[in-house]
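User: I would like a close look at the sheet of this model, with attention to how its strands pair and what packs around them. Please give the account as one connected description.

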Amino acid sequence: MTSALLDGKTAVVTGAAGGIGLAIAELFYAHGASVVLADLNESGARTAAESLGERAIGLGCNVTDEDSVQTLVEETMSWAGGLDVFVNNAGVTRDASLRKMTVADFDTVIAVHLRGTWLGLRAASAVMRDAGHGSIINMSSLSGKSGNPGQTNYSAAKAGIVGMTKAGAKELAHKNVRVNAIQPGLIRTPMTEAMPSEVFAEREAAIPMKRAGEPSEVAGVALFLASDLSSYMTGTVLEVGGGRLM
């Protein structure tokens, strides 16, 4: 590492017990940040934090619950004394065709992604507005750009995050709080590797770079948006998809 881009800063990453969230937390930590790893799986978050070191802490959080998200921010402030970066990464899938998708499966995905991102955005920005600085990063998806069969719930939620990001960016820019989004494509995570192998191979073959991405490659973009390297960027949506859907 040639520089510590987040030295002295405090970051919260939701959905950080594994996958992309953990990769982001690891890279933030490597660049000097104190990191709060938040997850519905509290024990997983604590274990992941312990693997990072003394500047990391794992906390339980249900991102769909207003009080839980507010408590997450309050505990972060109590532990670190500030909040500079907040990554709304927590997510779930409940894939099914329109004929087979239940209302419960639709509502669950919308609640985790849209309500969860909004609650994180609201709670984090309240602290950051008063501090006069901050970076909020929302995790969208290329599914929100193109739509995927069997993902009417997920695609709608991820598209909604783009609109939310832009609206939030416009509200908060005058307070020097930046809000940006990332749209990953096909990334190797436990979630995508649970797909049928033939479906995964078909989607991978359609990518111009001819490979799926790694969680670390999404984390690198999150680090850029969290750091001062992107100090004049807000309301942007950065695609991390190997050229897919460009």
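Analyst: The description below begins with the sheet, moves to one of its inner strands, and then turns to the cores and a few individual residues.

The structure is a predicted model. Its sheet is open and consists of seven strands, arranged in the order β3-β2-β1-β4-β5-β6-β7 with parallel pairing. The edge positions belong to β3 (56–60) and β7 (237–240); each has a single partner strand, so one side of each is left without a neighbour in the sheet. From one strand to the next, the twist averages 20°.

Strand β6, which spans residues 177–184, pairs with β7 in the parallel sense over four bridges. With β5, the parallel pairing of β6 extends over six bridges. Particular residues can be placed within these pairings. On the β5 side, S135 has R178 of β6 as its bridge partner. On the β7 side, A181 is bridged to V237, and Q183 stands opposite E239.

Is β6 enclosed by the rest of the structure or open to the outside? Eight of its eight residues are buried, so the strand is largely enclosed by the rest of the structure. Burial holds for both faces: V177, V179, A181 and Q183 point one way, R178, N180, I182 and P184 point the other way, and all are buried. The buried set of β6 thus includes R178 and Q183, the residues already named as the partner of S135 and as the residue opposite E239.

Just before this strand, the loop between α6 (152–172) and β6 contains N176. The phi of N176 is positive, about 65°, although N176 is not a glycine. With a relative accessible area of 44%, N176 is partly exposed. A comparable backbone feature occurs at L245, a residue other than glycine with phi near 65°. L245 belongs to the segment after β7 and is partly exposed, at a relative accessible area of 34%.

Helices pack against the sheet as well. Helix α4, residues 103–131, lies across β4, β5 and β6 and runs at about 175° to β4. Helix α2 packs on the sheet too, where it touches β2 and β3, and its direction makes about 180° with that of β3.

The nonpolar cores come next. In soluble globular proteins, nonpolar side chains tend to be buried together. The largest nonpolar core here has 32 residues, and those that touch the most other members are V13, I24, F28, V35, L37, I137 and I182. At least two residues of this core come from each of β1, α1 (19–30), β2 (34–39), α2 (42–52), β4 (85–88), β5 (134–139) and α9 (215–226). Another core, of 25 residues, lies apart from it; V12, L59, F86 and M164 are among its members. Beyond its neighbours within four places in sequence, I24 is in contact with V13, V87, M139, A219 and A222. I182, one of the residues listed for the largest core, is also among the residues of β6 that point the same way as R178.

Strand β1 covers residues 10–14 and includes T10. T10 is buried, at a relative accessible area of 6%. When neighbours within four places in sequence are set aside, the contacts of T10 are S34, T76, A80, G82, L83, D84 and V85.

By contrast with the buried T10, N62 counts as partly exposed at 31% relative accessibility. N62 lies in the loop between β3 and α3 (66–80). Its contacts, leaving aside neighbours within four places in sequence, are L40, S68 and V69. The C-alpha atoms of N62 and T14 are separated by 9.3 Å, while the two residues are 48 residues apart along the chain.

Aromatic rings complete the account. The structure holds zero aromatic pairs. There is, however, a charge placed over a ring: the charged end of R55 sits over the ring of Y29, at 3.9 Å from its centre.

Definitions and conventions:
Residues are numbered from 1 along each chain as its sequence is written. This is a predicted model: local features need pLDDT of at least 70, side-chain atom pairs count only at pLDDT 80 or more; totals for chains, interfaces and linings use all residues. Side-chain values use heavy atoms; hydrogens and water are left out. Rings of Phe, Tyr and Trp (its six-membered ring) pair if their centres lie within 6.5 Å; planes under 30 degrees apart count as stacked, over 60 as edge-to-face and the rest as tilted. A charge sits over a ring if NZ of Lys or CZ of Arg is within 6 Å of the ring centre and within 35 degrees of the ring normal. Buried means under 20% relative accessible area, exposed over 50%, partly exposed in between (1.4 Å probe, protein chains only). Contact means heavy atoms within 4.5 Å. A nonpolar core is a set of buried Ala, Val, Leu, Ile, Met, Phe, Trp, Tyr and Cys residues joined through side-chain atoms within 4.5 Å. Two strands pair if DSSP finds at least two bridges between them. Axes are lines fitted to C-alpha atoms, for helices over the stretch in contact, and angles run from 0 to 180 degrees between N-to-C directions.
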